[in-house]
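Me: I should like to learn how strand pairing and helix packing are read from a model. May we work through an example?

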Amino acid sequence: MDREPILDVKGLRVELSTRNGVVPVLDGLDFSLRASETLAFVGESGCGKSMTALAVMGLVPQPVGRIAAGSICLDGEDLASATEARMRNVRGNDVSMIFQEPMTALNPVYTAGEQIAELLRRHQAMGRRAAWEHAVEMLAAVGIPDPRGRASAYPHQMSGGQRQRVMIAMALACRPKVLIADEPTTALDVTVQAQIFELLKDLRRETGTALILITHDMGVVAEMAERMIVMYAGRKVEDGIVEDVIAAPKHPYTRGLISCVPHLAEVLTEERPDLTEVPGVVPPLTQFGRDMCLFSSRCVLADDRCRTARPADRQFGMGHVAACWHAEEVA
Amino acid sequence: MTDISKPLAPQIEKPRPPLAEAVEMFVRNRAAVAGLVVLVLIVLAAIFGPSLYGTDPYEMVWAPFTPPGSEGYLLGTDYLGRDLFAGILAGARVSLTIGLAAAFMSVFIGITVGAVAGFFRGWVEEVLMRITEFFQVLPTLLFSMVIVSLFGASFPIITVAIGIVSWTAVARITRAEFLRIRELEYVMAARASGAGNFRLIFGVVLPNALPPIIVQAALMVGTAILFEAGLSFLGLTDPNVVSWGQIIGSNRPYILDANYTVTLPGLAIFVTVLAISLVGDGLNDALNPRLRAR
């Protein structure tokens with residue numbers, strides 16, 4: 001646990017220009033990631049999980065968005081201030097990404113092998129032949145049967161699970177330091193989902209790639225990740241080792257998310273709590289960045305302090321951090 | 001590395017290049033196949049016809065206005081006594097060449113403008129689309145007549161004149177396709193794998209945008225042939241080179257006395273453009289369902 005982090009994000013603030021002014025969709029985000037560690041980002045849609053991924057990739061939507069403050073250090077190099085030309089070398093090479101929809105994330109006019117080989121030629125300066133051979137090896141590594149034959153198959157000739165495997169092969173072809181998986185299995189069958197996670201675990205073990213897993217599925221978090229960060233309205237509300245956070249959440253939002261998952265709560269508390277939902281919705285973008293707890297409108301514990309001051313991060317031992325004025329009362 | 005491949009049933013389906021599917025779809029369209037056959041014949045006639053037939057289309061070989069079929073002259077002679085069939089064969093070369101060159105040019109301009117506009121959006125798109133609209137509302141025939149009158153009636157100028165007035169349709173189609181495709185996840189995925197704008201435009205988006213552009217390009221060849229015929233009918237052509245429109249234009253005063261001198265080259269234009277349209281239609285069938293299947 002005391003290894004140097006491979007990715008170190010500090011005070012990251014990403015702003016979007018909207019019709020109602022500039023809005024911080026990521027507001028003072030800190031996190032770090034060590035080699036071969038898996039860090040899960042959890043939260044509802046619109047909480048800034050995907051924006052975090054885009055910021056790390058240097059792909060904050062232009063021209064409406066920009067990184068307003070903070071640093072994203074990958075092996076000591078600040079990506080937040082890197083040039084676009086430098087970022088093109090980083091993307092797909094040092095940091096790569098798997099997308100949610102394997103059905104649409106592969107280019108339909110190129111074969112699987114071509115798509116992997118193209119990356120290798122561009123980033124690793126491999127020759128045509130060597131790149132193709134390596135592409136076939138990658139397809140074999142991600143468990144595609146008959147990799148040599150499938151290398152010349154087009155995406156529409158493959159199943160969803162196979163396509164996601166091809167995506168993973170592409171993402172890992174250049175042996176990235178960090179792999180970002182944005183809801184990698186949401187679009188897949190449950191059985192295929194399990195296979196893909198198994199694959200990701202194995203590959204991570206073998207390559208030492210650190211994994212950022214973006215999901216809203218607590219079950220996936222418990223299964224895959226060592227550490228988790230709960231995001232709400234562009235802010236980190238809780239951060240810690242998965243077991244700690246799930247066993248003793250310190251933020252009412254985290255607790256709400258956990259109690260949304262039936263069997264998970266059942267196992268951990270050994271009694272059957274009612275399935276609760278978190279009432280309400282994520283506040284509109286216009287409220288992002290206000291000096292208050294943005295969860296207060298949905299929180300049963302909220303009082304005046306929550307509505308007038310942004311809660312500070314508080315430590316709860318072993319890197320467990322939560323941003324809530326009432327953290328002690330959450331049980 | 002790992003072997004967790006077992007749970008996956010190996011797929012029976014043999015990988016087949018999309019081209020094969022497209023060819024199959026094209027062949028199913030009988031009219032398109034007929035069009036293609038006719039078009040191939042016309043192209044062969046244009047390439048080999050003049051040397052096989054042998055008669056010089058510029059030479060007065062017989063009495064003017066010899067009707068078709070008589071005296072060994074297959075399609076008769078025109079007002080100067082030149083062999084009409086030789087003229088049509090020679091004209092095919094000119095018409096097809098100009099049609100192809102002008103279509104190529106308009107597709108080139110159209111793809112460039114449409115791709116840049118659709119990919120970059122913002123003020124770039126605004127400026128380019130206003131320019132496109134400007135060219136769209138120009139009276140095309142008049143504008144190209146002005147160009148040809150100003151710069152001279154040589155074939156490169158005529159080609160440019162046709163190309164410059166007819167690229168707008170391609171630009172609009174290309175832009176529309178780019179607007180649709182640039183939002184798709186694989187473009188984002190390509191960007192996330194480090195592809196730059198140039199590669200994204202020409203390596204990622206354009207190949208996916210091609211089917212409707214190809215169809216439009218095919219139809220453009222027909223339009224360009226018609227356009228060239230129109231210009232040369234009006235006398236805006238190299239008077240020393242035979243083309244279909246030029247034959248029609250020069251024989252126009254005698255249309256009542258010897259209508260075949262106008263009708264036959266007109267028929268050549270009609271058949272060629274029809275064949276091209278049928279092929280374009282077939283391409284549309286061949287390329288679009290595959291898009292949907294994706």
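Reply: Certainly; please keep in mind that this is a predicted model.

Me: Which order do the strands of the open sheet of four strands in chain A take?

Reply: A sheet is read by following the pairing from one strand to the next. Here the order is E2-E1-E4-E5 in chain A, and the pairing is antiparallel. Strand E2 (21-33) and strand E5 (77-78) of chain A form the edges, each pairing on one side only.

Me: How many bridges join strand E1 to strand E4 of chain A?

Reply: Strand E1 (residues 7-18) and strand E4 (residues 65-74) of chain A run antiparallel and are joined by eight bridges. To fix the register, one looks for a bridge partner: Leu7(A) has Leu74(A) as its partner in E4(A).

Me: How should I think of the side chains along such strands?

Reply: In a regular strand, side chains alternate between the two faces of the sheet.

Me: Which helix lies across E1, E2 and E4 of chain A?

Reply: That is helix H1 (residues 49-57) of chain A, which runs at about 75° to E2(A).

Me: Is strand E10 of chain A largely enclosed or open, and why?

Reply: One counts the buried residues along the strand. In strand E10 (residues 235-241) of chain A, six of the seven residues are buried, so the strand is largely enclosed by the rest of the structure.

Me: What does E10(A) pair with?

Reply: Strand E9 (residues 227-232) of chain A pairs with E10(A) over six bridges in the antiparallel sense, with Arg227(A) opposite Ile241(A). The hairpin of E9(A) and E10(A) has two residues between the strands, and Ala233(A) there adopts a positive phi near 50°. E10(A) also pairs with strand E12 (residues 321-322) of chain A, antiparallel over two bridges; in this pairing Asp239(A) stands opposite Val321(A).

Me: Turning to chain B, at what angle do the axes of helices H7 and H9 cross?

Reply: For a helix pair, one reads the axis separation, the angle and the handedness. The axes of helix H7 (residues 168-181) and helix H9 (residues 197-233) of chain B come within 9 Å and cross at roughly 150°. H7(B) is therefore roughly antiparallel to H9(B). Their crossing is right-handed.

Me: Which residues make the contact of H7(B) and H9(B)?

Reply: Among them are Ile173(B), Phe178(B) and Glu177(B) of H7(B), and Val205(B), Asn208(B) and Pro212(B) of H9(B). By class, the residues of this contact comprise 10 nonpolar, three polar and one charged.

Conventions: Residues are numbered from 1 along each chain as its sequence is written. Chains are lettered from A and ligands numbered from 1 in the order in which they are written. This is a predicted model: local features need pLDDT of at least 70, side-chain atom pairs count only at pLDDT 80 or more; totals for chains, interfaces and linings use all residues. Two strands pair if DSSP finds at least two bridges between them. Two residues are in contact if their C-beta atoms, placed from the backbone, lie within 7 Å. Axes are lines fitted to C-alpha atoms, for helices over the stretch in contact, and angles run from 0 to 180 degrees between N-to-C directions. A residue is buried if 20 or more other C-beta atoms lie within 10 Å of its own, exposed if 12 or fewer, and partly exposed in between; C-beta atoms are placed from the backbone. Angles under 35 degrees count as roughly parallel, over 145 as roughly antiparallel, 65 to 115 as roughly perpendicular and the rest as oblique. A crossing is left-handed if the near helix is turned anticlockwise from the far one by less than a right angle, and right-handed if clockwise. Ala, Val, Leu, Ile, Met, Phe, Trp, Tyr, Cys and Pro count as nonpolar, Asp, Glu, Lys and Arg as charged, and the others, Gly among them, as polar.
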